[in-house]
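Subject: Structure for your review

Dear colleague,

Please find below the structure I agreed to pass on to you. My notes on it follow, arranged by region so that you may read them beside the model.

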Amino acid sequence: MTDRKNKDQANTTASDTAAEDSSGTNASKKAADTNTNAIGVDIGTSKIVTAVKKNDHIEYASHRNAFISVEYSSFTKRILNQNQIKHHQIGNSLIVYGDGAETFADMLNSETRRPMRKGLLNPNESHSVEIIKKALDDLIGSTDVQTGKLIFSVPDAPKDTPTDIIYHESLLNRHLSGKGFATRSINEGLAVVFSELEDENFTGLGISAGGGMCNVCLAYLSIPLVTFSITKGGDYLDDAVASVTGMVNTRVRSFKENGFDLKRSPSNSVEDALQVYYDDLIVTLVKALKQSVMTTSTTNKVDRPIPVVLSGGTAKVSGFKDRFEQVLKAENIPLDFSKIRVAKDPLTATAKGALMAAMHEN
Ligand SMILES: Nc1ncnc2c1ncn2[C@@H]1O[C@H](COP(=O)(O)OP(=O)(O)O)[C@@H](O)[C@H]1O
Ligand SMILES: [Mg+2]
């Protein structure tokens, strides 16, 4: 069972249009661009998302990156099978993973656990590697693409644990290439640029504000000039708000995802706290951007106004763009920013960018 599938019929890219041209140059381009032996995978702290090209649209599948472990019994196993809840056995435990984990945790009045934390494999969970591998096998196995080019997203190295990314990336790469794909990773911010800024010649600022992190890439003609990450994202908001309000963090998350609006004056302590911590996250993000821009000399050479795209679940909240714009203006970063917009589908932009990169490399 795949937790979420949807078709992005409208997302025919400029390269698809070029591929329809019958001129000699574009005929060979056509072969490259219509090669559907390509898959993009966004391996995020909250969600794993796959993207594959099917005829004229992109098909996505996604899966919540969470699990719950219960003691093995043949009865529980039968119930899980009957309800098509994804699970597998490790030793004496049944590991329930994907969207079903949340439902199951609710039934048991317990919390889900996370195989990833702050963008990387979670070192505090002994089974994190097996769970991620299983989730990737299920999602990729449910697509029609079983060979070819596979590009997966990785975050920029976190400042506080810069070496952990090497382990994270190598492990995933080994697993995915072991399935028979030609693999490589792509920086998450750059994937957003590929997904959203084709009309701007892949020049601009791509921001992915997810669960564990925010990842940023300033690219010029598809070349990354600046990339960085901060380890504040949706999980930080949930934990920080839970800590000052006494609410459990899963309830904070649900409150945040269901109608909370940063533009509205807060009417209770949870809204008050959410305003405070969203502000803190946005200020941290923009200050880190300023710091990176000021310390990278190549950014002086950008000769055009820079569009900004916000993506990731954390950018979905109403009013995020306006607040980001205010803070960006206040920080006086020495670059000429043009339009700021939210990605068409903030939850699939990274996977789509990874797919576009994979299709162009086939
Ligand atoms: N509609 C929404 N409004 C506010 N926050 C949301 C919404 N949808 C998802 N989120 C939050 O976005 C975060 C997950 O974003 P996502 O891009 O899927 O993360 P990741 O890249 O870490 O997998 C979570 O903190 C989730 O609560
Ligand atoms: Mg992400």
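I begin with the ligand. Helix 9 supplies the largest share of the shell around ligand 1, namely 3 residues. Please bear in mind throughout that this is a predicted model. In total, 18 residues surround ligand 1, and the closest of them are G44, G210, G211, G234 and G313. Two elements, helix 8 and helix 9, give two or more residues to this shell. Sorted by class, the shell around ligand 1 holds 10 polar, 6 charged and 2 nonpolar residues.

The two helices that contribute to the shell also pack against one another. Helix 8 spans residues 234-245 and helix 9 spans residues 249-257; their axes are 8 Å apart and meet at an angle of about 115°. The crossing in which helix 8 passes helix 9 is right-handed. On the side of helix 8, the contact is made by L237, D238, D239, V241 and A242, while helix 9 brings N249, V252, R253 and K256. By class, this contact of helix 8 with helix 9 comprises 4 nonpolar, 4 charged and 1 polar residues.

As to the overall architecture, the protein chain has 12 helices and 16 strands. Its radius of gyration is 21 Å, close to the 21 Å that the globule rule gives for 362 residues, so the chain is as compact as a globular protein of that length. Along the principal axes, the C-alpha atoms of the protein chain fill a box of roughly 65 × 55 × 35 Å.

I turn next to the sheets. In general, the strands of a sheet pair through backbone hydrogen bonds, in either a parallel or an antiparallel manner.

One open sheet is formed by 5 strands in the order 14-13-12-15-16, with mixed pairing. Strand 14 (223-230) and strand 16 (337-342) are its edge strands, each pairing on one side only. From one strand to the next, the twist averages 15°. Within this sheet, strand 12 (residues 204-209) and strand 13 (residues 214-220) run antiparallel and are joined by 6 bridges. G206 stands opposite C217 in strand 13. Two helices should be noted here. Helix 10 (residues 269-294) lies across strand 13 and strand 14, and runs at about 140° to strand 14. Helix 11 (residues 320-331) packs on the sheet as well, where it touches strand 15 (306-311) and strand 16, and its direction makes about 155° with that of strand 16.

A second arrangement is an open sheet of 3 strands, with antiparallel pairing and the order 5-7-6. Its edge strands, each of which pairs on one side only, are strand 5 (67-71) and strand 6 (87-90). Here the twist from one strand to the next averages 30°. Strand 5 is joined to strand 7 (residues 93-97) by 5 bridges, and the two run antiparallel. In this pairing, S69 stands opposite I95 in strand 7. Helix 5 (residues 128-141) lies across strand 5, strand 6 and strand 7, and runs at about 50° to strand 7.

Finally, I draw your attention to a hairpin. Strand 3 (residues 47-54) and strand 4 (residues 57-64) run antiparallel and are joined by 8 bridges. Between strand 3 and strand 4 there are 2 residues, and N55 in the turn has a positive phi of about 50°. V52 has E59, in strand 4, as its bridge partner.

Should you wish to begin with one region, I would suggest the shell around ligand 1, to which helix 8 and helix 9 each give two or more residues.

Yours sincerely

Definitions and conventions
Residues numbered from 1 in each chain as written. Chains lettered and ligands numbered in written order. Predicted model: local features only at pLDDT ≥ 70, side-chain atom pairs only at ≥ 80, totals over all residues. Axes fitted to C-alpha atoms, helices over the stretch in contact; angles between N-to-C directions. Helix = DSSP H or I, 4+ residues; strand = E, 2+ residues; numbered from the N terminus. Left-handed = near helix turned anticlockwise from the far one by under 90°. Contact = placed C-beta atoms within 7 Å. Nonpolar A, V, L, I, M, F, W, Y, C, P; charged D, E, K, R; others polar. Pairing = 2+ DSSP bridges. Near = placed C-beta within 6 Å. Rg over C-alpha atoms; globule rule 2.2 N^0.38 Å.
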